[in-house]
Amino acid sequence: MADRGIAQQRQPLVQVRGLKMHFPIFAGILRRRVGAVKAVDGVSFDIFEGETLGLVGESGCGKSTVGRALLRLYEPTDGSVVIGGEDIATLSPDALRKKRPMMQMVFQDPQASLNPRMTVAAIIGEPLDEHTNWDEAAKTARVYELMDQVGLNRRFANRYPHEFSGGQRQRIGIARALALNPKFIVCDEPIAALDVSIQAQVVNLLEDLQDRLGLTYLFISHDLSMVRHIADRVAVMYLGQIAELSPREALYARPLHPYAEALLSAVPEADPSVESRRQRIILKGDVPSPANPPKGCNFCTRCPKVMPVCREVEPRLAEVEPGRFVACHLFDNTAGGHASPGPEVREHNPQGEMT
Amino acid sequence: MPDGASPVLEVRGLKTVFRTRGGEIHAVNSVSFHLRPGELLGVVGESGSGKSVTMMSLIGLLPSPPAEVRAGEVLLGGRDLLKLAPRELQEVRGAKVGFVFQDPMTSLNPVFTVGNQIMEPLMKHMGMTKRQAEDRAAELLALVGIPDAKKRLKSYPHQFSGGMRQRVMIAIALACDPDVLIADEPTTALDVTIQAQIIELVKELRQKLGMAIVWITHDLGVIAGIADRVMVMYGGQVVEQAPVRELFVNPQHPYTRALLKTVPSLTGDRAARLEVIQGQPPILQGEPAACPFRARCAHAFDRCHAENPLRRAIDGREVGKGHDVACHWSPEAAHG
């Protein structure tokens, strides 16, 4: 774990550009298309090799959809997803199948994502049946090896999922994801369904596996304190778009986007002396419908710092500080591009020296 | 909240058992606590620790069979609720004790308007006419922060968002001015920004109305921000009880200590590795004859396997009044 945080120097393993995932809405007797739920609406980010990118946001913000579209469990509406040099979004079915072993997923609900009629050995071994032509002995050996890796007793290989607790079931799901030696794993709320005392076990396991196997994670969660623990960089999503993407320490110390700020201030801290001193930003109202997002900035209906421009022009995600990307008009002037005071200052300074 | 004020609710030695084909499950085992007027008691525990079953036992909300409240007293306004006939208990539920459940999606009836559901307890318990109840329902909706209350009375639950539905649930629970409000994981199903809204609302309502609240949660952060006093439950028992600051500063039970360490902090130092409580929560089969936490406890010794510890005060005050813990091990003794 000592080498965490130098992720920037590494190569991006996953490059997402302008990813859109719109789900059509059909209505009326003729089932005509009347609109679309813009679950993900133009999302771009990189995940570097060996790092954990945390993806946080409230329910309905599109974070799980991003995770699924990344592995092409959905057909993306638009955009590109380059994983290890190949664009997943446009790959042919055959080529995609060959690509599958390197990218896997751990699902939220360990109860629903394991077939109740299959034994643990069959569940963990299924990817091997699908993607390798190994003989039984080799497969069994691999299944045992995987069970050791995730801390499941080998004696339980012939048991069924219902005989396990939630935490152990999640270990089965992780072992299955590891079966084909993937490089990239999407963890979609892997601890949300678990009890507090079990969550830490699973998170520690994921971290150990990352260190040992050099895995790259997209860690999707709504638990901001757990994301602070596990992620190197964090993307905050709101209504289908990324509001802010920053290195972990910077984000938690000083969130830049007003939504990221409000979200962090809403998380209760398990310390009464901190709690009594805290100033909360209470957001008014609810998240608008992704089928009908507001004009301009999608956060303008609830933003405590809203300006007239926010209701008109959609802000672009721009690098406002080294490594920190924010989509907000408050930072229009610092976002290295047009109308920034930076170059002007640089122009004036030499003049000052001349006089 | 003067210390000497007589409690509005007092529970003594409550035992609830579920009879199943596999034997008896002792879900709640000798739970005692009290609630002072205007106080907010936080109840923390994992799923299966018996926190919800305890509260549901109090007012007869558990189906029997399989549930059976085997022993104990629940004193509310001088009456023992466990001795009341079902009809009398119905008079207590909703009128004297309000309940807010975890899931606002399933606890409202989808085929009745929201107004209808708020008016029901008003007409039933307070003897209001329909007109009066309607006015009061609109007041209540406004009180819980729903704009345009009069109009929204005619809406159905599906027309509200999750946070708004939970506000409606709170309005129903408060309708008859209950002495005690029991909130069972009221914010667990909600997003953090909505959770913050609901917590603010409850703080505000406490100041305005002054009822006593029992707030059940597994989230130590929520407890830290809202509770006056905390009761930690594990394996169907109260393992520790203390005023909120005392509990977080000076936790005594190994379970409480471990629980506080497993939750990563949002602002404090970031640990390289999370502390882990090994093993699984216990299955509460049979009469509990030993400490329920013994199998996962780092400090367990012979006595823990032979004898279920009783709650003992650690600050010289009466058990339940100050800081007490149900554990044979003591940190002071261990540190010499």
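The following exchange concerns a predicted model with chains A and B.

Me: What makes H6(B) a helix that is largely enclosed by the rest of the structure?

Reply: A residue counts as buried if 20 or more other C-beta atoms lie within 10 Å of its own. In H6(B), 12 of the 13 residues are buried, so the helix is largely enclosed by the rest of the structure. Among the buried residues are Gly163(B), Arg165(B), Ile170(B) and Leu174(B). The cover over the buried residues of H6(B) includes strands E6 (97–100) and E7 (180–184) and helices H3 (114–125), H4 (130–143) and H7 (192–209) of chain B.

Me: How do you know that the span of H6(B) is close to the expected one?

Reply: The expected span is 1.5 Å times one less than the number of residues. Helix H6 of chain B, residues 162–174, has 13 residues, and its expected span is 18 Å. From its first C-alpha to its last, H6(B) reaches 18 Å, and the value is therefore close to the expectation.

Me: Why are E2(A) and E5(A) called edge strands?

Reply: The open sheet has four strands in the order E2-E1-E4-E5 of chain A, with antiparallel pairing. Strands E2 (32–48) and E5 (86–87) of chain A each pair on one side only.

Me: How do you know that E1(A) and E2(A) pair?

Reply: Pairing requires at least two bridges between the strands. Strand E1 of chain A, residues 12–27, is joined to E2(A) by 13 bridges, so the requirement is met. The two strands run antiparallel, and Gln15(A) stands opposite Asp46(A) in E2(A).

Me: What makes E10(A) a strand that is largely enclosed?

Reply: Strand E10 of chain A, residues 241–247, has six of its seven residues buried, so the rest of the structure largely encloses this strand.

Me: Which strands pair with E10(A), and how do you know?

Reply: The cut-off is at least two bridges. Strand E9 (residues 233–238) of chain A pairs with E10(A) over six bridges, and strand E12 (residues 324–326) of chain A does so over two bridges. Both pairings are antiparallel. Arg233(A) has Pro247(A) as its bridge partner in E10(A), while Leu245(A) has Phe325(A) in E12(A). Two residues lie between the strands in the hairpin of E9(A) and E10(A), where Leu239(A) takes a positive phi near 50 degrees.

Me: What makes up the contact between the chains?

Reply: Chain A gives 34 residues and chain B gives 37 residues. On the side of chain A that touches chain B, the largest share, six residues, comes from H6(A). The residues of that side divide into 17 nonpolar, nine polar and eight charged.

Technical notes:
Residues are numbered from 1 along each chain as its sequence is written. Chains are lettered from A and ligands numbered from 1 in the order in which they are written. This is a predicted model: local features need pLDDT of at least 70, side-chain atom pairs count only at pLDDT 80 or more; totals for chains, interfaces and linings use all residues. Two residues are in contact if their C-beta atoms, placed from the backbone, lie within 7 Å. Ala, Val, Leu, Ile, Met, Phe, Trp, Tyr, Cys and Pro count as nonpolar, Asp, Glu, Lys and Arg as charged, and the others, Gly among them, as polar.
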